Amino acid sequence: LNKPFMGCGIRIPWQITGYTTFLVGEGAPLFLNALVKSEVYIVPFPQMREFLSKEPELKDEFMRICAKYLRSDLDAMLAVATTTAAERFWVLFAAFAMRLELDLNEEWVRIPYKFNRATISGLLYVSLLTVDRLYAQLIKQGMIKRENGMYIYSTKGIKEGIAWIMKRSVS
């Protein structure tokens, strides 16, 4: 392919992005789309490498986090290749629920971000039309609903997404 790859990922406060370019040692364009008001701190590669060389414990933790993100990204690519849009939807929101450590003991869970159609389209690797159809289908099935201008999600669907992630993690 002669096209640049455009991927989407999820980061919550205090998480890092750009770790693959750091590990490879080459810069690459990075586009961020914040769902909430955010601050981004940019640390140049040479300064980060020098800092980590002086802090071996922090370097070990940083590398562990990078490995975790790589695994998460690989799982996301596997999900795109092997699942339906509806299954990817629940894997996506399961990832949010896990990263945000949301309580899944209730019937419904609220993800504290407002997503637009384009963001969901990019995260699921589907068209805007597919996003519209997917939401309509999930509303009809009683798996998502609107409350106070935001969608809330069935914990049943979130738990199915978590089961997929956990199954993949142990294989």
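**Figure 1. Helix 4 meets helix 5 in this predicted model.** From helix 4, the residues in contact are Ala-85, Arg-88, Phe-89, Leu-92 and Phe-93. Helix 5 answers with Ile-120, Leu-123 and Leu-124. Sorted by class, this contact has seven nonpolar residues, no polar residues and one charged residue. The axes of helix 4 and helix 5 lie 10 Å apart, and the packing angle is about 100°. Angles of 65 to 115 degrees count as roughly perpendicular, so helix 4 is roughly perpendicular to helix 5.

**Figure 2. Helix 5 packs on helix 6.** Helix 5 covers residues 117–124. Its axis and that of helix 6 are 9 Å apart, at an angle of about 100°. The two helices are therefore roughly perpendicular to each other. On the helix 5 side, Arg-117, Ala-118, Ile-120, Ser-121 and Leu-124 make the contact. On the helix 6 side, the contact residues are Leu-128, Val-131, Asp-132, Leu-134 and Tyr-135. The class count for this contact is seven nonpolar, one polar and two charged residues.

**Figure 3. Aromatic rings form pairs and a cluster.** The whole structure holds nine aromatic pairs. One of them joins Phe-89 and Tyr-135. Their ring centres are 5.5 Å apart and their planes stand at 90°, so this pair is edge-to-face. Phe-89 belongs to helix 4 (residues 85–99), and Tyr-135 to helix 6 (residues 128–140). The pair thus links distant parts of the chain, with the two positions 46 residues apart in numbering. Phe-89 counts as buried because its relative accessibility is 0%. Tyr-135 is also buried, with a relative accessible area of 9%. Ring pairs link both residues into a cluster with Trp-90, Phe-93, Phe-96, Phe-115, Tyr-151 and Tyr-153.

**Figure 4. A charge sits over the ring of Tyr-151.** The charge is the charged end of Arg-146. It lies 4.7 Å from the centre of the Tyr-151 ring. Tyr-151 is also one of the residues in the aromatic cluster.

**Figure 5. Thr-83 lies in the loop between helix 3 and helix 4.** Helix 3 spans 56–82. Thr-83 has a relative accessible area of 12% and is buried, because the cut-off for buried is under 20%. Leaving aside residues up to four places away in sequence, Thr-83 touches Arg-88 and Trp-164. Arg-88 also appears in Figure 1, among the helix 4 residues that meet helix 5.

**Figure 6. Glu-106 lies in the loop between helix 4 and strand 1.** Strand 1 covers 108–109. Glu-106 is exposed, with a relative accessible area of 52%. The C-alpha atoms of Glu-106 and Ser-154 are separated by 8.8 Å. Along the chain, these two residues are 48 residues apart.

**Figure 7. The close-ups in the setting of the protein chain, with seven helices and three strands.** Along the sequence, the elements follow the pattern α-α-α-α-β-α-α-β-β-α. The protein chain has 171 residues, and buried residues make up 30% of them. Consider contacts between residues at least 6 apart in sequence: 69% of these join residues at least 24 apart. The pair of Phe-89 and Tyr-135 in Figure 3 links residues 46 apart.

Conventions. Residues numbered from 1 in each chain as written. Predicted model: local features only at pLDDT ≥ 70, side-chain atom pairs only at ≥ 80, totals over all residues. Heavy atoms only, no water. Phe/Tyr/Trp six-rings, centres within 6.5 Å; stacked < 30°, edge-to-face > 60°. Buried < 20%, exposed > 50% of the residue type's maximum accessible area, 1.4 Å probe, protein only. Lys NZ or Arg CZ within 6 Å of the ring centre and 35° of its normal. Axes fitted to C-alpha atoms, helices over the stretch in contact; angles between N-to-C directions. Parallel < 35°, antiparallel > 145°, perpendicular 65-115°, else oblique. Contact = heavy atoms within 4.5 Å. Nonpolar A, V, L, I, M, F, W, Y, C, P; charged D, E, K, R; others polar.
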